[in-house]
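Welcome to a short set of exercises on reading a protein structure. Keep the sequence and the 3D view at hand, and try each task before you look at its solution.

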Amino acid sequence: MCSGWKHVDKGERVHFDYSDEELSFRKELKGFLDGELPVYFEFFDLPQQERFDRSMEFVKKLAARGWLTPAWPVEYGGSAHAPWQQMILSEEMIAHGEPRTGQYMNVNWIGPAIILAGTPEQKEYHLTRISNGNVVWCQGFSEPDAGSDLAALRTSAVRDGDEYVINGEKIWTSNAGVAEFCFLLARTNSEARKQEGISIFLVPTATPGVEVGDIDAVVHPGAFHHVVFTDVRVPASCRLGPENEGFTIVRKLLANERVGVARYHRAAGYLDRVAKWCDERGLLDDSSVIETLAHARVACDAARVLVYQVWDERTRGLHPDESAWVYRTAAVNAERAVSEAAFKLMGAEALVRHSHADNQFEWATTAGIAGGSYEMQLNSLARVLLGTKG
Ligand SMILES: Cc1cc2nc3c(=O)[nH]c(=O)nc-3n(C[C@H](O)[C@H](O)[C@H](O)COP(=O)(O)OP(=O)(O)OC[C@H]3O[C@@H](n4cnc5c(N)ncnc54)[C@H](O)[C@@H]3O)c2cc1C
């Protein structure tokens, strides 16, 4: 069977392959994307407003074809296509510089969080807008003193009648400058164990008291923001899920974030360009060059097989925490191996600002931080393997 199928041969090797239907979907998708966007075009290189405008335009076209939320249930605006289509989409999108920009978050886990824990009204309002490509969200998790230790967050939401009053500060909030809603984590109980006093709020960023500022960053300039909440009043109906159970919901959904971005695919595509660059200079006769390229290629292929493993487990209704962490660390290693190969083989040419090598370096640098750092993924994996609680 393959819908991204897996089989084990007599030598106990695991193979994945795609069905004819999925291959023809990939072909159709690539044809559409090649017509719309150059491969490896870097959305991050565009000024924020232009990035936003182009992305909104593009995402609406995807939605019109049913390619924005294909794996969602039909009742929520999806087309209930096999989950492997989402994997193919994820790979082809990132090969074109992730033109959905922030909207990949909506599709991969903000929407699914609302499907999981939303009230009928929240589902009706938010899911339709996400699946039509009409809304940008940002994720208000990290704080100046709560990154890796997310549960240490201090932004508070205090109940006052039918409202909550929110105060605090978020940092590194991607897309906050253009987002209409913030998927916010805030503390609703400061007495409880830190993981047990957190709730989720779906906050319109236009609410009085929400202030968004830019962060000057070396990588992805214009993409990062800090968001300050000063006496922000939101109706209690903005809370997603039960009070104080936000962390449990987020933990489930962050497993989606860990496998949501097919970084290995973009890195492998870039590695092909490095190999071509070497070929054009007659360097492929040198065994050390081949070794460097092969090392990076193996890292990309390992990450691909591992994410297919996770996807396969998910389609069988399992909750592949362990393999998701293994994949995530392999994906970081793949990004880094390709970046190192480019520097090693291309020398000074790889140092040019905004060159493809420079972009690859940015992706490799942030890969080990965004969505939970490399070291924290290793810690989580160690806890699973050692059977200790985390
Ligand atoms: C591209 C990008 C996009 C992002 N977008 C968002 C966003 O939209 N919304 C949002 O909320 N946040 C976002 N972040 C922030 C990201 O989630 C945090 O940067 C990340 O969780 C790490 O937190 P920190 O920066 O506070 O680093 P710290 O937690 O201070 O960690 C610093 C270093 O110490 C190491 N370290 C910390 N604790 C341990 C430990 N217990 N064991 C071993 N090593 C440890 C870490 O691995 C890291 O190398 C983004 C970050 C990046 C790079």
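**Exercise 1. Find which residues UniProt assigns to the feature "domain: Acyl-CoA dehydrogenase/oxidase C-terminal", and describe their secondary structure.**

Solution. Bear in mind that you are looking at a predicted model.
- Step 1: The UniProt record, an unreviewed entry, places this feature at residues 244-385.
- Step 2: Now look at the make-up of that span: 77% is helix and 0% is strand.
- Step 3: Between the C-alpha atoms at the two ends of residues 244-385, the distance is 29 Å.

**Exercise 2. Do the same for the feature "domain: Acyl-CoA oxidase/dehydrogenase middle".**

Solution.
- Step 1: UniProt, again in an unreviewed entry, lists residues 138-232 for this feature.
- Step 2: Here the span is 45% strand and 0% helix.
- Step 3: The end C-alpha atoms of residues 138-232 are 17 Å apart.

**Exercise 3. Trace how strands 4, 5, 9 and 8 are joined to one another.**

Solution.
- Step 1: Start at strand 4 (residues 156-160), which runs antiparallel to strand 5 and is joined to it by five bridges. One pair to find on screen is S156 with its bridge partner N167 in strand 5.
- Step 2: Look at the turn. Strands 4 and 5 make a hairpin with two residues between them, and G161 in this turn has a positive phi of about 65 degrees.
- Step 3: Move on from strand 5 (residues 163-170) to strand 9 (residues 225-235); this pair is antiparallel too, with seven bridges. Y164 sits opposite V234 of strand 9, and K170 sits opposite V227 of strand 9.
- Step 4: Finish with strand 8 (residues 210-214), which pairs with strand 9 in the antiparallel sense over five bridges. Here G213 faces H226 in strand 9.

**Exercise 4. Work out which parts of the protein surround the ligand, and which classes of residue they bring.**

Solution.
- Step 1: Count the shell: 16 residues surround the ligand, and the closest are Q139, S142, S148, S373 and E375.
- Step 2: Sort the shell by class, which gives nine polar, six nonpolar and one charged residues.
- Step 3: Ask where they come from. Domain 2 (139-244) and domain 3 (262-386) each supply at least three residues. Helix 11 (residues 374-386) gives the largest share, three residues.

**Exercise 5. Which side chains have an N or O atom 2.6 Å from an oxygen atom of the ligand?**

Solution.
- Step 1: The side chain of S148 has such an atom, 2.6 Å from a ligand oxygen.
- Step 2: E375 does as well, with a side-chain N or O atom 2.6 Å from an oxygen of the ligand.
- Step 3: For a contact to a ligand nitrogen, turn to S174, which has a polar side-chain atom 2.8 Å away from one.
- Step 4: To round off the picture, the ligand has 980 Å² of accessible area on its own, and the protein covers 64% of it.

Definitions and conventions: Residues numbered from 1 in each chain as written. Predicted model: local features only at pLDDT ≥ 70, side-chain atom pairs only at ≥ 80, totals over all residues. Heavy atoms only, no water. Near = heavy atom within 4 Å. Polar contact = N/O pair within 3.5 Å; in protein donor to acceptor, adjacent residues only side chain to side chain. Areas by Shrake-Rupley, 256 points an atom, 1.4 Å probe, with all protein chains shown as cover. Helix = DSSP H or I, 4+ residues; strand = E, 2+ residues; numbered from the N terminus. Nonpolar A, V, L, I, M, F, W, Y, C, P; charged D, E, K, R; others polar. Domains from an automatic or database assignment. UniProt positions renumbered as here; feature names shortened; annotations may be inferred. Pairing = 2+ DSSP bridges.
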